[in-house]
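Me: I would like to go through the aromatic rings here, one step at a time. Please keep the answers short.

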Amino acid sequence: MFTYYMPTKVFFGKACVAQSGEVLADLGRKALLVTGRHSAKVNGSQAAVVEKLDDLGISWFLFDEVENNPSVATIRKAAAFASEKGVDFVIGIGGGSPMDAAKAIALVCTNELDDEYLFTGPYRKPLPIVAVPTTAGTGSEVTKVSVLTNPKAGTKQSINTPLIFPTYAFVDPAFTESVPETVTIDTAIDALSHAVEGYMSTASTPMSDVWAEEAMRFLGVHLTDLKGDVSPVVREDLLYGSTLAGITIAQTGTTMVHSMGYMLTYYKGLSHGRANGLLLPAYMKLMEETMADKAEKVWAILGLAGLDDFTALMEDLMGDTVDLSDEEIKKFVTMTLPTGGVQRTPYPVTAELLTHIYQQLTGNR
């Protein structure tokens, strides 16, 4: 037996906000726009949303203070602003950070939650959420997860509830065309990590595997096209693959790669996608031992000869080392072991194994 639940209505394609944005009128008369400080203003996404809201006579308020890896404090500040303005729904415009922030803000607007219960619930129904991705990587537009930085816990933590699936997602490849090279690479590898981890997850199902394989097909063919100028056609494929990978992890969750990667992001400042990319070769080596059939399918879909090919590709795109002290490694291992990602990994994950993988990242093999 397995279940499948993906309630988000997706509008995919160029100018989808202009063509299909009338549905926003169903959500209320006041919207909170949640963005970062810059990108939504220059890639056309914010302007497209504002134009449609104005056409519909929906008033809107802008909160543009979302940082990379949004903090709990930022969420609370935005929710207070939203409540003050009496908004009816929340629109997250940007990469994973603004979309994840929008989900958490919508939840805090209808729930009185201290920092502990913010990540555990129980929750009342949040304000309706709309997601407009501007990077091809996180898949947050179709997931039930919001990842936040929690200084009190000393790491990134996730809100995970079906209540925060976006009602609508407007997925327009044109909004990704101005993304710089490093972000294009890091987000594409994040999407690939979602597809691969979801495929290998102990929570995978025959239905999630269909989405994972399709995501890998659209992402894998372009792994050598991520540097330099990226054509609109490639951008569209990357965004489509990212959304499919998001649908995958909405069903399966992620595995030890994400759990380990959060440490590298929170404490070492690595981007989320780069952290995952550094860890994926070691992960796939384990998968060749325990999930051989699926590992071979991954190589075939990605058009690679095997693990050595994949490792070389990741090293070319990500670099291959990061500076970690023995004390840091010990701390990261202790914090990673109890996570859900480790529990969903189809391999006996031990402290010794995690230590070895983190040591590999320093070049100490």
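**Rings and their partners**

Me: Which residue lies over the face of Tyr-199?
Reply: This is a predicted model. A charge counts as over a ring only if its atom is within 6 Å of the ring centre and within 35 degrees of the ring normal. At 4.6 Å from the ring centre of Tyr-199, the residue over the face is Lys-294.

Me: How many aromatic pairs does a search of the whole structure find?
Reply: Rings pair if their centres lie within 6.5 Å. Searching the whole structure gives a total of nine.

Me: Are the planes of Phe-12 and Tyr-240 stacked or edge-to-face?
Reply: The ring centres are 5.6 Å apart. The planes meet at 75°. Planes over 60 degrees apart count as edge-to-face. So the pair Phe-12 and Tyr-240 is edge-to-face.

Me: How many residues apart are Phe-12 and Tyr-240 along the chain?
Reply: Phe-12 is in strand S1, residues 9-12. Tyr-240 is in helix H9, residues 232-252. The pair links distant parts of the chain, and the separation in residues is 228.

Me: What does Phe-12 count as, by relative accessibility?
Reply: Buried means under 20%, and exposed means over 50%. Phe-12 has 31%. So Phe-12 counts as partly exposed.

Me: Which residues do ring pairs link into a cluster with Tyr-266 and Tyr-267?
Reply: Tyr-266 and Tyr-267 have ring centres 4.7 Å apart and planes at 70°, so they pair edge-to-face. Ring pairs link these two into a cluster with Phe-332 and Tyr-358.

Note on methods. Residues numbered from 1 in each chain as written. Predicted model: local features only at pLDDT ≥ 70, side-chain atom pairs only at ≥ 80, totals over all residues. Heavy atoms only, no water. Phe/Tyr/Trp six-rings, centres within 6.5 Å; stacked < 30°, edge-to-face > 60°. Helix = DSSP H or I, 4+ residues; strand = E, 2+ residues; numbered from the N terminus. Buried < 20%, exposed > 50% of the residue type's maximum accessible area, 1.4 Å probe, protein only.
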